[in-house]
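User: Could you take a close look at the sheet in this model for me? I'd like to hear how its strands pair up and what packs against them.

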Amino acid sequence: VSNAVIHGYRGRTDGWVEVSAELDENRLTITVEDWGVGIDDIDKARQPAYSQDPERMGLGFVFMETFMHGLEVDSTPGQGTRVRMQRLITLSGELSRDVQ
């Protein structure tokens, strides 16, 4: 969510961020969507330490990829970005550490 606010709207205060979550048996899916500036080059943006803001560390996607079991990024410049993250959950309710 912070990436959507910081990067998606680049200081604007009138932007919207929609967050949804879905639990389907053993998979939690979280979707974060903004209607901001979008990402010009998703592959480049997913690289460690890459950021268009020199005051940022560029680790947002790295953290998402590290702690989730699936990450999808859809973005259109000038129209916004949707990030879908998936996390597997064991039957006991604990987060699964196994990547499948």
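Analyst: Here's a walk through the sheet, strand by strand, and then what sits against it. First, the ground rules: this is a predicted model, where local features need pLDDT of at least 70, side-chain atom pairs count only at pLDDT 80 or more, and totals for chains, interfaces and linings use all residues. Numbering starts from 1 along each chain as its sequence is written, and side-chain values use heavy atoms, with hydrogens and water left out.

The sheet is open and has four strands in the order 1-2-4-3, with antiparallel pairing. (Strands are DSSP runs of E, at least two residues, and helices are runs of H or I, at least four residues, numbered from the N terminus; two strands pair if DSSP finds at least two bridges between them.) Strand 1 and strand 3 (70-76) are the edges: each has a single partner strand, so one side of each lacks a neighbour in the sheet. From one strand to the next, the twist averages 10 degrees. Angles here run from 0 to 180 degrees between N-to-C directions, with axes fitted to C-alpha atoms, for helices over the stretch in contact.

Now the pairings. Strand 1 (residues 17-24) and strand 2 (residues 27-34) are joined by eight bridges, and V19 sits opposite V32 in strand 2. Their hairpin has two residues between the strands, and E25 there takes a positive phi near 55 degrees. Strand 2 also shares eight bridges with strand 4 (residues 80-88); in that pairing R27 stands opposite L88. Strand 4 is joined to strand 3 by seven bridges, with V83 as the bridge partner of V73.

Helix 1 (residues 2-9) packs on the sheet, touching strand 1 and strand 2, and its direction makes about 25 degrees with that of strand 2. Contact means heavy atoms within 4.5 Å.

V73 and V83 turn up again in the largest nonpolar core, which has twelve residues, including A4, V32, F61 and M64. (Such a core is a set of buried Ala, Val, Leu, Ile, Met, Phe, Trp, Tyr and Cys residues joined through side-chain atoms within 4.5 Å; buried means under 20% relative accessible area, exposed over 50%, partly exposed in between, with a 1.4 Å probe and protein chains only.) Helix 2 (42-45), helix 3 (60-67), strand 3 and strand 4 each give two or more residues to this core. Leaving aside residues up to four places away in sequence, V83 touches I30, T31, V32, F61, M64, L71, E72 and V73.
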